[in-house]
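Subject: A structure for you to explore

Hi there,

Here is the structure I promised to pass on to you. Have a look around it first, and then read my notes below with the model open beside them.

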Amino acid sequence: MQKGIDKVVVLEVEDIHKKYRGQDILKGISFKVRKGETKVIIGPSGTGKSTLLRCINQLTIPDKGRIWLEGEEVIHTKKNINQFRQKMGMVFQDFNLFDHLTALGNVEIGLTRVKRMDKDEARQKAIEELKKVGLEEQANLYPAQLSGGQKQRVSIARALAMDPKVMLFDEPTSALDPELIGEVLEVIKNLAIQGMTMILVTHEMGFARSVANEIIFMEDGKILESGPPYQLFNNPKYERTKRFLKKITELYGE
Ligand SMILES: Nc1ncnc2c1ncn2[C@@H]1O[C@H](COP(=O)(O)OP(=O)(O)O)[C@@H](O)[C@H]1O
Ligand SMILES: [Mg+2]
């Protein structure tokens, strides 16, 4: 039996389409993510991976298609949207931290502003989240005083503080110096082990192989093929997938 098949579907994406300037960027994307699963999305640059993640959490509004989070349809109305976004933690390539706030402040702000937690409670929770990513000692430092790896860990802590149902990572290590990539991947791997439900766009193929329940290969706005890592890496259906894997391994290594 396929692992995870009997688990609850946390996120379902059905036939997502998106055009920019009259050009089709997403051409009908559908998949389901079950509780505790890690889906890894790979594919050439410009293929619509970021657009897809942005459509999922409604930072970009899809032209067509439907999305459900825990069975509830994600609909872009002012009233609903913040509620849905809170439940989907997003981690960007370039961290998106507030430069004028400390690490602690960056984690706290969503708790006080969005979750309306009182200050002491928010502080306590923010400290806990920073501990989980190994940054309690950096709590009072500003982003400018942190390394790229530390900044990305703050942004993961900030997303986790909202107790999301699913985490979306958009190339979380692409902006980092090679020696800082490991510490961020380590945090993400621990989340996977702890059963967080995640969608991760990455070029780190060795990592993808070790954490993914399923790899989705996207090309030209569509899913060309998907499957468990051993299948996709060792026995891909399409020549196109093989070529991409070869190229990406040459560029980024295993
Ligand atoms: N806000 C936007 N306005 C216009 N075109 C965009 C916008 N965002 C992305 N695109 C275009 O959509 C295509 C897919 O981009 P993206 O989703 O970032 O791909 P990927 O993440 O796979 O590299 C690219 O051609 C990009 O130029
Ligand atoms: Mg991208």
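What follows is a short tour of what I found, going from the whole protein to single residues.

Please keep in mind that this is a predicted model.

**The protein as a whole**

The chain folds into 9 helices and 10 strands. Its radius of gyration is 18 Å, close to the 18 Å that the globule rule gives for 254 residues, so the protein is as compact as a globular protein of that length. If you follow the C-alpha trace along its principal axes, the spans are about 55 × 45 × 40 Å.

How much of the protein is buried? Buried residues account for 52% of the 254 residues. On the outside, the accessible surface is about 12800 Å², and carbon and sulfur atoms contribute 47% of that. The contacts also tell you how the chain folds back on itself: counting those between residues at least 6 apart in sequence, 65% link residues at least 24 apart.

**Around the ligand**

Next, try zooming in on ligand 1. Its shell consists of Tyr-20, Arg-21, Ile-25, Pro-44, Ser-45, Gly-46, Thr-47, Gly-48, Lys-49, Ser-50 and Thr-51. By type, the shell residues are 3 nonpolar, 6 polar and 2 charged. Which helix or strand gives the most to this shell? That is helix H1, residues 49–56, which supplies 3 residues.

Some side chains here are worth picking out, since each places a polar atom by an oxygen atom of ligand 1:

- Lys-49, at a distance of 2.8 Å
- Ser-50, at 2.9 Å
- Thr-51, at 2.5 Å

On its own, ligand 1 has 560 Å² of accessible area, and the protein covers 61% of it.

**Three buried residues**

Lys-39 sits in strand S3, which runs over residues 38–42. Is this lysine buried or exposed? Its relative accessibility is 3%, and because the cut-off for buried is under 20%, Lys-39 counts as buried. Its side chain makes a polar contact of 2.5 Å with the side chain of Glu-214. Glu-214 is also one of the residues that Lys-39 is in contact with beyond four places in sequence; the others are Phe-31, Lys-32, Val-33, Met-198, Ile-199, Leu-200 and Ile-216.

Phe-169 belongs to strand S7 and is buried, with a relative accessible area of 0%. Leaving out residues up to four places away in sequence, Phe-169 touches Leu-53, Val-91, Ile-156, Ile-188, Leu-191, Met-198, Ile-199, Leu-200 and Val-201. For a sense of distance, its C-alpha atom is separated by 27 Å from that of Glu-121, which is 48 residues away along the chain.

Gln-152, in helix H5, is buried too, with a relative accessible area of 0%. What does its side chain reach? It comes to 2.9 Å from the backbone oxygen of Pro-172. Pro-172 also appears among the residues that Gln-152 touches outside its sequence neighbourhood of four places, along with Val-91, Phe-92, Gln-93, Phe-95 and Val-184.

**Two residues with a positive phi**

Here is a bit of background for the last stop. Most residues other than glycine have a negative phi.

Asp-163 has a phi near 50 degrees, a positive value in a residue other than glycine. You will find Asp-163 in the loop between helix H5 (148–161) and strand S7 (166–170). With 47% relative accessibility, it counts as partly exposed.

Asp-220 is not a glycine either, and has a positive phi of about 50 degrees. Where is it? Asp-220 lies in the loop between strand S9 (214–219) and strand S10 (222–227). Its relative accessibility is 43%, so Asp-220 counts as partly exposed. Not counting residues up to four places away in sequence, Asp-220 touches Ile-25, Lys-27 and Thr-47. Ile-25 and Thr-47 are among the residues that surround ligand 1, which gives you a handy route back to the ligand. Finally, the C-alpha atoms of Asp-220 and Leu-146 are separated by 37 Å, with their positions 74 residues apart along the chain.

Enjoy exploring, and write back with any questions!

Best wishes

Methods
Residues are numbered from 1 along each chain as its sequence is written. Chains are lettered from A and ligands numbered from 1 in the order in which they are written. This is a predicted model: local features need pLDDT of at least 70, side-chain atom pairs count only at pLDDT 80 or more; totals for chains, interfaces and linings use all residues. Side-chain values use heavy atoms; hydrogens and water are left out. A residue is near a molecule or strand if one of its heavy atoms lies within 4 Å of it. A polar contact is a pair of N or O atoms within 3.5 Å; within protein, one must be able to donate a hydrogen and the other to accept it, and residues adjacent in sequence count only if both atoms are side-chain atoms. Accessible areas come from the Shrake-Rupley method with a 1.4 Å probe; for residues, only the protein chains shown count as cover. Helices (H or I, at least four residues) and strands (E, at least two) are DSSP runs, numbered from the N terminus. Ala, Val, Leu, Ile, Met, Phe, Trp, Tyr, Cys and Pro count as nonpolar, Asp, Glu, Lys and Arg as charged, and the others, Gly among them, as polar. The radius of gyration is taken over C-alpha atoms; the globule rule is 2.2 Å times the number of residues to the power 0.38. Buried means under 20% relative accessible area, exposed over 50%, partly exposed in between (1.4 Å probe, protein chains only). Contact means heavy atoms within 4.5 Å.
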